[in-house]
Amino acid sequence: MDKEHKNLIKVWLSAIISISYCYYIPPRIKSGVPRLLSVSPVLALFLVLPLFFSSLHLSLITAFFLTWLANFKLILFSFDKGPLIPIPSNLLRFFCFTCFPIKAQQNPKSQNHLPKLVFASKVAIFCVLLHLYGYKQNLHPIVMLGLYFVHLYLEIEIILTFVKVLVFITLGCDLEPQSNKPYLATSLQDFWGRRWNLMVPAILRPAVYAPMRRVSERRMSSGWALFPGILVAFIVSGLVHELLFYYMTREMPTGEVTLFFVLHGVCTAAELAVKKKTTVMKRWRLSPVVSRLLTVGFVFVTGVWLFTPQLRRSSVMERFTYEAVLVVEFVKKKLFTLLGHGNISDEF
């Protein structure tokens with residue numbers, strides 16, 4: 001653990017130095033390929049940093065913040081696009097908006113009050129999930145997969161809530177939510193574009209979808225040009241997820257994750273094509289309840305088929321949940337110690 005702590009300091013110190021360089025030097029260079037070349041060493045470094053950790057959580061969190069978000073934002077920044085344009089007013093803001101999944105709202109509303117009851121409910125459900133893992137030998141594998149999906153969703157929500165609170169206190173800015181009740185999605189377009197992990201489509205839209213659509217419009221009508229943009233955006237997302245899986249498993253990619261996103265890209269494009277046919281939509285309009293069941297069911301079934309097999313084969317899910325249990329136990333002991341009940345924690 002001491003080695004992991006040292007690596008954590010080294011990795012994020014390297015990130016701070018690298019982003020400081022990006023704040024002071026590349027803005028003085030002409031936007032486009034010259035600026036992209038100036039930030040390319042940082043992009044390459046951020047691809048390597050997650051490999052410094054043996055902990056799944058530290059590796060995955062670093063990969064998400066640096067390899068995924070920071071790299072895509074810096075690429076957009078090179079072409080005077082994305083959330084880093086206009087350039088934030090100081091280095092601290094530039095660092096936060098580069099690394100973390102946050103975005104200033106155009107019409108900010110006060111967020112001085114957090115939905116404490118909702119957050120407490122998510123933490124409580126998360127703790128119950130961790131307790132249920134102790135009985136996993138009595139649970140059906142499909143039930144366990146469902147628990148893993150819920151675990152992933154809740155852990156992302158909890159981690160990002162702490163990030164949002166920290167940034168709100170530090171910068172005093174309002175932040176957009178990172179997800180919007182994905183279990184209520186009524187279509188794949190709704191799920192991927194408006195409900196799940198909102199910062200990712202916000203980055204892929206200007207970085208991948210929009211350029212591909214502009215290129216496609218040279219050869220086809222604008223109505224059809226959106227389909228190549230959708231497919232390429234999903235393919236890029238799949239390739240990045242293959243990289244994230246490599247950080248977790250340290251095994252060569254199998255292509256299953258990319259196939260998962262290609263399938264969802266094709267189905268989302270087909271869904272949009274059907275929506276364009278107004279006569280079909282009027283005749284076959286489904287109720288919201290049925291739409292939600294079909295959407296969430298499709299995501300779950302295809303996830304079990306293509307998204308999770310590599311993780312199951314390399315026992316990543318078991319290691320991931322084991323680390324989460326250890327972290328919760330560590331936090332509990334620290335809380336007991338702070339409350340002056342160290343002897344109580346020993347009894348548990």
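Asp80 and Arg35 join their side chains in a salt bridge, with 2.8 Å from N to O. Asp80 sits in the loop between helix 3 and helix 4 (91-99), while Arg35 belongs to helix 2 (residues 33-48), so this pair ties together parts that are 45 residues apart in sequence. The two partners have their own surroundings: Asp80 is partly exposed at 37% relative accessibility, whereas Arg35 is buried, with a relative accessible area of 6%. Do keep in mind, as you turn the structure around, that this is a predicted model.

How many salt bridges are there by the rule used here? The count comes to six. As a reminder of the chemistry, side chains of opposite charge can pair when their charged atoms come close. Three of these contacts are set out below, with the accessibility of each partner.

| Salt bridge | N to O | Relative accessibility |
|---|---|---|
| Asp80 and Arg35 | 2.8 Å | Asp80 37%, Arg35 6% |
| Asp190 and Arg194 | 3.4 Å | Asp190 8%, Arg194 44% |
| Arg213 and Glu217 | 3.6 Å | Arg213 24%, Glu217 37% |

The Asp190 and Arg194 pair lies within helix 7 (residues 188-195), where the two residues are four apart and therefore separated by about one helical turn. Asp190 is buried, but Arg194 counts as partly exposed. This pair also has company: Asp190, Arg194 and Arg195 are linked in a network of salt bridges. In the pair of Arg213 and Glu217, Arg213 is partly exposed, and Glu217 is partly exposed as well.

Now for the nonpolar side of the surface. Val33, Leu37, Ile75 and Phe79 form a nonpolar patch there, and together they offer about 360 Å² of accessible area. One of the members, Ile75, has its place in helix 3 (residues 56-78). Why can Ile75 be part of a patch whose residues need over 30% relative accessible area? Ile75 is partly exposed with a relative accessible area of 33%, so it passes that cut-off.

Finally, a look inside. Searching the whole structure turns up one cavity of 30 Å³ or more, and the volume of the largest cavity is about 50 Å³. Which residues line the largest cavity? They are Tyr153, Ile156, Glu157, Leu160, Gln178, Ser179, Trp196 and Asn197. By character, this lining divides into four nonpolar residues, three polar and one charged.

Definitions and conventions
Residues numbered from 1 in each chain as written. Predicted model: local features only at pLDDT ≥ 70, side-chain atom pairs only at ≥ 80, totals over all residues. Heavy atoms only, no water. Patch = residues over 30% accessible without salt bridge, like charges linked within 9 Å, V, L, I, M, F, W, Y side chains within 5 Å. Areas by Shrake-Rupley, 256 points an atom, 1.4 Å probe, with all protein chains shown as cover. Salt bridge = Lys/Arg side-chain N within 4 Å of Asp/Glu carboxyl O. Buried < 20%, exposed > 50% of the residue type's maximum accessible area, 1.4 Å probe, protein only. 1 Å grid on protein atoms, 1.4 Å probe; cavity = no way out; pocket = protein on both sides within 12 Å on 5 of 7 lines; lining within 4 Å. Points joined across faces, edges and corners; volume = space filled by probe spheres on them. Nonpolar A, V, L, I, M, F, W, Y, C, P; charged D, E, K, R; others polar.
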